[in-house]
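Work through the exercises below with the structure in view. Each task is followed by a solution in steps.

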Amino acid sequence: MESKHTVSVLVDNEPGVLARVIGLISGRGYNIESLTVAEVDAEAHISRITFVTLGNETTINKMISQLQKLVPVKKAINITLDKQGIEREMALVKVVATGEKRVESLRLSDAFRAKVIDTTHDSFVFELNGSPVKIDAFIDLMTPLGLSEISRTGVVAIARGSEKL
Amino acid sequence: MVSAQLTGAEMVLQAFEDHKVDTLFGYPGGAVLPIYDELAKGKNSIHHYLVRHEQGAAHAAEGYARSSGKVGVLLVTSGPGVTNAVTGLADAMMDSIPLVCISGQVPSHLIGTDAFQECDAVGITRPCTKHNWLVKDINDLSRILHEAFYVAASGRPGPVLIDIPKDIQFQTGTYIGPETIKHKSYRPKLKASIDNINEALKLIVKAQKPIFYTGGGVINSGNAAVQLLREFVRLTGFPITSTLQGLGAFPGDDDQFIGMLGMHGTYEANMAMHDCDLLINVGARFDDRITGKVDEFSPNSKKIHIDIDPSSINKTIDVDVALVGDVAHVLEDTIKLWKSNVYKTDKPAVKSWWSMIDKWKEKDSLGFNDSKTTIKPQFAIQRLYELTKEKDTYVTTEVGQHQMWAAQFYKFNKPNRWITSGGLGTMGFGLPAAIGAQVAHRDKLVIDIAGEASILMCIQEMSTAIQHKLPVKIFIINNQYMGMVRQWQELLHDKRYSHSYTDALPDFVKLAEAYGAKGIRVQKPSELDKGIQEMIDYDGPVIFDCVVDENENVYPMIPSGKAHNEMLLGDENEDSEISDEGKVLV
C-alpha cells in the first residue's frame, strides 16, 4: 500500500550534496512531496535533509539503500516506519477578508493557536506550527474565509526517545 | 612528501605519481592547457595516450582498468570534452569500473556566464559518476585528488570526476600527500557478518540442487577472490554459471562450468537457475538480462547474495541470506568456516542434480548449422578461439550479436581477459577498450570482436592505435545489419527491418589501409584459418573483415518477458508468442 513516508538523511554539507540526493530520488522515479534542509552540526559540517515521499515500504527501503550508497550520505532512515517519529511543519497563511469573515478567521486561528504576525484592515498573516495534518485542516477552514496565499516549510522530523540518529 | 607548494596543474601530476598512475588517456583543449603544459615539461613518468574523441579516452581507460585491475585515468577539456566523455563514464558506472576523470573548467569567475566551452560538468556527470567534485579552492585540490582515487577504487568501484577551473590549475597552494588524507565518511564494509555466513553454510550443506551464479564483482574484487571462488566451487562440487561480466573468474573450459546464463545463456545454465533449490550469487546483481521475468525467476530456490553494495540486496530479487562485503573477504571467511566445521555437501543429491544438468547439456543449445559456403558467425568465433587460446589473449567487444557469440563461443580461463560493455551496452566500446587493454599489456594479443555497425561508432581510434603503435586486432563479424536490432525486429515486429540495414558500408580493407593498418577480408570458411593466422602474425593493428551469413540469430534466447524455462533454441520455434507486456521491455 502506498502511503506517505518521511525520510531523514544526514549528509556531509558539501557543495552539490542536495542536488545529489534529490537527483537520485527523481532519477530513480520517485516523487518528493516536501523537502527541508539545513546544517545541523556546524563544526562537523553535517546537514539534515528531510523529505516526504509516497510509496510502499519496499520501495522506500530501496530508496534508502540507494541513498546510503551516495558517498556524502552518512545515514538515512524512514522516520515514519522506524521510529514513530514526530513531524512538525510551519506555515504562513495570508487571509484577505473584512467583516464577519475576518472575525471568524481570527476566532479559528485562536483555536489552532496560530499567531497573527501581520495585520492590515483587510488582511492577516497567520503563523501556524504543527503536524502537516493540522496545517491542512487550518487551510481548509480558511479557504472560504478569504485565503489568499500560503507558504509552508515542509516537514521536519525527529524520532521520539533518547536514541540518536 | 608530506606537503609542498605546487600549482594546481603540478598537483594533478604529483597526485598521479603518488597513486602510481603511469598511464593517461586524454585530449587537450583550452581549459586543460596548464595540465598539458606540465606533461610537456617531462618531469614525470606519465605516458599520455592521445585519443581522437573523448569517448575513446573513457573507454580506453575502462579497457585499461578492466584488464589490469588498476584505476583508469583520463584527462579532458571543458564543455564538449567532458560531454563527449559522458558515455564512457556512464558505461563505467554501470559496469563498476574504477576511473578518475579530470576535466578542465572555465576559470572560476566565468562559471555560470555561458562562457566559451563552459558546461555544468558536475551537474551533467552527477548521475553517471560514483562521486564528483568541482574544485573551488586550490588548497582543497590535493585532498580531492586523493579522495577521488580512494572513492573510485574502494567499495563497489566506479568512475569519479574532478572538474578543475583553469585559474585553479595556475594557482599555487599547499599540496598534502595521500598518506595523511582520509575520507571523512566513506568506509565500505568489506567483511560480512559471521552469523550470516553460518546461515549461508547451513543452506549449502542442505542443498540438493545448488548452483553458483557469479558476476563481475568477483573480477573487481581481484585475483584473491578468483582463487577463493575456484577453491570453494571445487570444495562443494556444485555447478557454476556466470554473467557476461563474470566470464573468466572460473575457467570457461572446466567441467563444473555450465556456461553463461541469462538472455543468451546456455540451456543448461538457465534451466538450472530455474529449477535449483539453492542459488549462490557471488558478486552479481540480478540484472534484467539475467532474471528474465522477475516473478518467475528461480521460483523454488533459497537465495544467498554476496555483494559489496548493500543497495543491490533485495533490489529486484528478494534473497534469504545477504552477505554484504567484498567477495574475497566473504569467501575467505566462508571457506575457513566450511573447513573448521568439516561441512559436507549432500553428495548423492548433488550427483543426481548433475545428471539432470547433463541431460540439459545434451540439447547442445549452442549448436548451429554450419555451412561450407558461407561463414557462420559462430564458426568464425570458434576458429578465432581455437587459433588464439594458447596465447594469453585479451578480448574486447562492441555491442550486439557478435558480443553474445563471443561470450558464448570464446572460453575464458583467466579473469580480466574479457572486457565488454554489459550494463550500458555501448556500441563503439570495443576498439578504444582494446587500445586501453593493449596499453596495459603491450606484449599480449588483444582482439576487439566487433560488428560492422558498432565499429564505426569509434573507428577514429584507429588513428590512436597507429600513433601509439598498439597492435590491436579488430575482428569484424560483418553481416551488414545491426544484427541484434534486426533479430528483435524479426521476433517482435513482423520482420519489418526498420533502418537496421547499413547501406554504404566502407570498404574495411581500404579503411584499414587509409589509417596505416593492415586490412584482411575473408568470405569463405575455407580461408578463415589462414586469414586469422595472418592477423595474429602481423605486427601492427589489423582490421579483419569477416563477411558472415547475414541471417544468423543468437540462440538460445529468453524472449523478453519470459521465464528461464521458456527459451527459444533456434529459428524453428520462433512462433512462440511474445506478449504485449514483453514487447515493451528492451
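## Exercise 1: Helices and sheet in chain A

Task: State which strands helix H1 of chain A lies across, and at what angle to S1(A) it runs.

Solution. Step 1: Helix H1 spans residues 17-27 of chain A and lies across S1, S2 and S3 of that chain. Step 2: Its direction is at about 145° to S1(A). Step 3: Turn to helix H2 (residues 57-69) of chain A, which packs on the sheet and touches S1, S3 and S4 of chain A. The direction of H2 makes about 170° with that of S4(A). Bear in mind that the model is predicted.

## Exercise 2: Strand order

Task: Give the order of the four strands in the open sheet of chain A, and name its edge strands.

Solution. Step 1: The order is S2-S3-S1-S4 in chain A, and the pairing is antiparallel. Step 2: S2 and strand S4 (73-78) of chain A each pair on one side only, and these are the edge strands. Step 3: On average, neighbouring strands of this sheet are turned by 20° against each other, direction ignored. Step 4: For one pair in detail, take strand S1 (residues 3-12) of chain A, which is joined to S3(A) by 10 bridges. Within this pair, His5(A) has Thr53(A) in S3(A) as its bridge partner.

## Exercise 3: Two domains in chain A

Task: Describe how domain 1 of chain A touches domain 2 of chain A.

Solution. Step 1: The bounds are 3-82 for domain 1 of chain A and 87-155 for domain 2. Step 2: Taken over C-alpha atoms, the centres of these two domains of chain A are 30 Å apart. Step 3: The contact involves six residues of domain 1 of chain A and four residues of domain 2 of chain A. Step 4: On the domain 1 side, strands S2 (32-41) and S3 (46-55) of chain A each supply at least two residues. The largest share, three residues, is from S2(A). Step 5: By class, this side of domain 1 of chain A has two nonpolar, four polar and no charged residues.

## Exercise 4: Chain B

Task: Why is chain B described as being as compact as a globular protein of its length?

Solution. Step 1: Chain B contains 22 helices and 20 strands. Step 2: Its radius of gyration is 24 Å, and the globule rule gives 25 Å for 586 residues. Step 3: The two values are close, so chain B is as compact as a globular protein of that length. Step 4: Buried residues make up 55% of the 586 residues in chain B.

Note on methods. Residues numbered from 1 in each chain as written. Chains lettered and ligands numbered in written order. Predicted model: local features only at pLDDT ≥ 70, side-chain atom pairs only at ≥ 80, totals over all residues. Domains from an automatic or database assignment. Contact = placed C-beta atoms within 7 Å. Nonpolar A, V, L, I, M, F, W, Y, C, P; charged D, E, K, R; others polar. Rg over C-alpha atoms; globule rule 2.2 N^0.38 Å. Buried ≥ 20, exposed ≤ 12 C-beta atoms within 10 Å, placed from the backbone. Pairing = 2+ DSSP bridges. Axes fitted to C-alpha atoms, helices over the stretch in contact; angles between N-to-C directions.
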